[in-house]
Structure formats: C-alpha cells, structure tokens
Amino acid sequence: METISKNLAFGGEQGVYRHASAEIGTDMTFAVYVPPHETGAKLPVIWYLSGLTCTHANVMEKGEYRRTCAELGLIFVAPDTSPRGEDVPDDDGYDFGKGAGFYVNATQEPWVQHYRMRSYIERELPDLVGVQFPADMSRQGIMGHSMGGHGALTTALRNPERFKSVSAFAPIAAPMDCPWGEKALAGYLGSDRAAWRAYDACALIEDGARLPELWVDQGSDDQFLEEQLKPESLSKACTESGIDLTLNMRAGYDHSYYFISTFMEEQLRWHAARL
C-alpha cells in the first residue's frame with residue numbers, strides 16, 4: 001500500500017492511499033480518515049460508496065464528515081467507484097464505464113476483467129483496511145450516495161451479518177426499473193434480468209434478503225427523484241417485508257453535496273449509536 005497524502009484534521013489523519021488490486025487488475029485509490037484515538041484502540045468503520053462520475057475525492061473534499069467522525073471515534077473509508085487506467089475499457093456516457101462501476105462483478109466483455117467492484121468492496125479492500133488501520137471489523141456500517149447508495153443497500157442486503165448499520169443519500173433504489181440501472185446492468189451483466197436481481201435492493205428484499213433497519217435521506221427537489229431513484233419502491237418493499245425503513249424526505253434539497261453535507265452528521269450519529 002502506497003501513501004499518496006496525509007493531512008491532520010480535527011486531531012485525526014486524513015489519508016489517501018493506492019494499492020495494486022488483485023480483483024480489479026489495476027491500481028486502486030481510496031481515502032481513509034482515522035480519528036484521534038488511544039494507542040492500541042480499535043475503532044468502528046464506516047464505508048462510504050460514491051455516486052456516478054465520482055472518485056474517493058468527492059466526499060473527502062465536500063462531505064464534511066471529519067469533525068463528526070473525530071468526535072464519535074469513527075474510521076471513514078471512501079473507495080473509488082470503478083477501475084481506472086489506460087487499459088481499462090470505458091464508455092462515452094457518464095453513466096457507464098469509468099466512474100460508473102455500479103458495484104457489480106461484470107460478466108460481459110470487455111468489462112469482465114476489470115469491473116469487479118462487488119468483490120473489491122466486499123472482500124479485498126476490507127481485508128486491507130483491517131490489517132493496515134486500527135479498525136474493529138466486527139463493527140462496520142455502510143452508507144452511500146446515488147449509485148453508491150445502491151451499492152451500500154445491495155452490499156448490506158447480501159452481507160447482513162457484516163453490517164450493523166446501513167444508510168443512504170438518494171439511492172438508486174430499484175435499478176432494474178430505471179434508465180441508469182437498466183443501462184448499467186444490461187451492459188455489465190447481459191440481457192438475463194434474473195442475473196440483475198443481486199444488484200437491486202428491492203429485488204433482493206423481494207427474494208428474501210433482510211436487514212433490521214435502514215435510514216435514507218432524499219431531497220424533495222432532486223432532479224433524478226421520479227425517473228431514476230424511486231424511493232417509493234424501496235418503501236413498499238420494506239413495508240411488505242417488515243424492514244424498519246426511516247425515509248426522510250428533505251424539503252427543497254437536490255442531489256448535490258450541499259444536500260449530502262447537510263445531513264452527513266445526522267447519518268453518522270445514527271450509525272455511531274449502532275456501532
């Protein structure tokens with residue numbers, strides 16, 4: 001693991017790191033904030049998965065999480081959203097290819113070799129974080145925004161024993177039923193919609209996946225609300241399955257990091273109470 005940068009913030013350390021990923025087949029960059037702590041202490045971990053077009057840097061620079069993480073003693077991990085590098089295939093659209101890995105393991109050419117973000121997030125990067133940082137891997141929460149909200153929900157639903165808390169900002173709740181999701185899932189996984197269900201939160205719930213509770217913040221003025229995000233589908237699935245969903249419709253807020261940074265502290269405190 002190579003250290004790209006380290007900066008002191010609120011008594012803790014904001015770092016950016018690079019490592020050679022066996023799953024992805026390229027170098028991957030990620031950010032970790034470690035709050036001030038006593039020597040030898042093991043701290044709970046919050047995973048933050050970013051949205052379309054983003055890297056680790058978006059939340060690091062605009063998410064306003066460090067003060068709260070320093071107070072609560074939370075390690076904050078922000079991976080990249082997709083493979084990077086000259087040899088990695090890409091697409092002309094912002095919603096597919098680099099910056100749009102959708103947290104899947106691709107099965108279709110030419111994406112299959114590098115687009116393995118599911119395995120990277122579920123196995124490889126946690127193994128690295130657990131060794132390299134003072135992380136208590138028995139206390140993990142996960143959150144994300146938009147495409148990353150989709151990633152957080154589906155990752156947690158597939159691995160309910162790993163995460164003690166799950167939340168999202170404006171998640172793509174039903175990707176099998178929206179343009180972003182249909183394009184990505186068809187492109188990475190092929191035309192068999194049965195294979196898509198492992199990457200759709202509502203479908204996973206319909207198929208029996210369960211979590212005790214979920215927290216979702218959604219802006220009422222989000223330009224993607226009706227066509228792409230579909231929180232009402234998630235609400236319906238949770239109601240029918242008995243999952244305790246707190247869906248906060250935030251009046252006047254959009255899809256941006258102005259929205260995310262406003263409610264970041266509230267979500268982090270919700271996670272900390274469960275970790």
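This is a short walk through one helix and several salt bridges in a predicted model.

Let us begin with helix H9, which runs over residues 257-274. Its 18 residues, at 1.5 Å a residue, should span 26 Å. The C-alpha atoms at its two ends are 25 Å apart, so the span in the model agrees with the expected one. Even so, H9 has a kink of about 45°, and the place to look for its centre is Met-264.

Now look at the start of H9. Here a side-chain oxygen of Ser-256 comes to within 3.2 Å of the backbone nitrogen of Tyr-258. Following the helix onward, you will meet a number of buried residues, including Tyr-257, Phe-259, Ile-260 and Phe-263. Met-264, where the kink is centred, is buried too, and Gln-267, Leu-268, Trp-270 and His-271 are also among the buried residues of H9.

From here we can turn to charged side chains. Side chains of opposite charge can pair when their charged atoms come close. How many salt bridges does the model hold? The count comes to 18, and a few of them are worth visiting in turn.

Helix H9 takes part through Arg-274, whose side chain meets that of Glu-213 in a salt bridge with an N to O distance of 2.7 Å. This pair links distant parts of the chain, as Arg-274 belongs to H9 while Glu-213 sits in strand E8 (residues 213-219), 61 residues apart. Are these two partners buried, exposed or partly exposed? Arg-274 has a relative accessibility of 30%, and because buried means under 20% and exposed over 50%, it counts as partly exposed. By the same cut-offs, Glu-213 at 24% is partly exposed as well.

Strand E8 also holds Asp-217, which pairs with Arg-250 of strand E9 (residues 244-250). Their side chains form a salt bridge at 2.8 Å, N to O, and the two residues are 33 residues apart in the chain. Both Arg-250 and Asp-217 are buried.

A further salt bridge lies within a single helix. Lys-236 and Glu-240 are both in helix H8 (residues 231-241), 4 residues apart, or about one turn of the helix. The closest N and O atoms of this pair are 2.9 Å apart, and both residues are exposed. Elsewhere, Glu-23, Arg-116 and Arg-123 are joined into one network by salt bridges that share partners.

Methods
Residues are numbered from 1 along each chain as its sequence is written. This is a predicted model: local features need pLDDT of at least 70, side-chain atom pairs count only at pLDDT 80 or more; totals for chains, interfaces and linings use all residues. Side-chain values use heavy atoms; hydrogens and water are left out. The expected span of a helix is 1.5 Å times one less than its number of residues. The bend at a residue is the angle between axes fitted to the seven residues ending there and the seven starting there. Buried means under 20% relative accessible area, exposed over 50%, partly exposed in between (1.4 Å probe, protein chains only). A polar contact is a pair of N or O atoms within 3.5 Å; within protein, one must be able to donate a hydrogen and the other to accept it, and residues adjacent in sequence count only if both atoms are side-chain atoms. A salt bridge is a side-chain nitrogen of Lys or Arg within 4 Å of a carboxyl oxygen of Asp or Glu.
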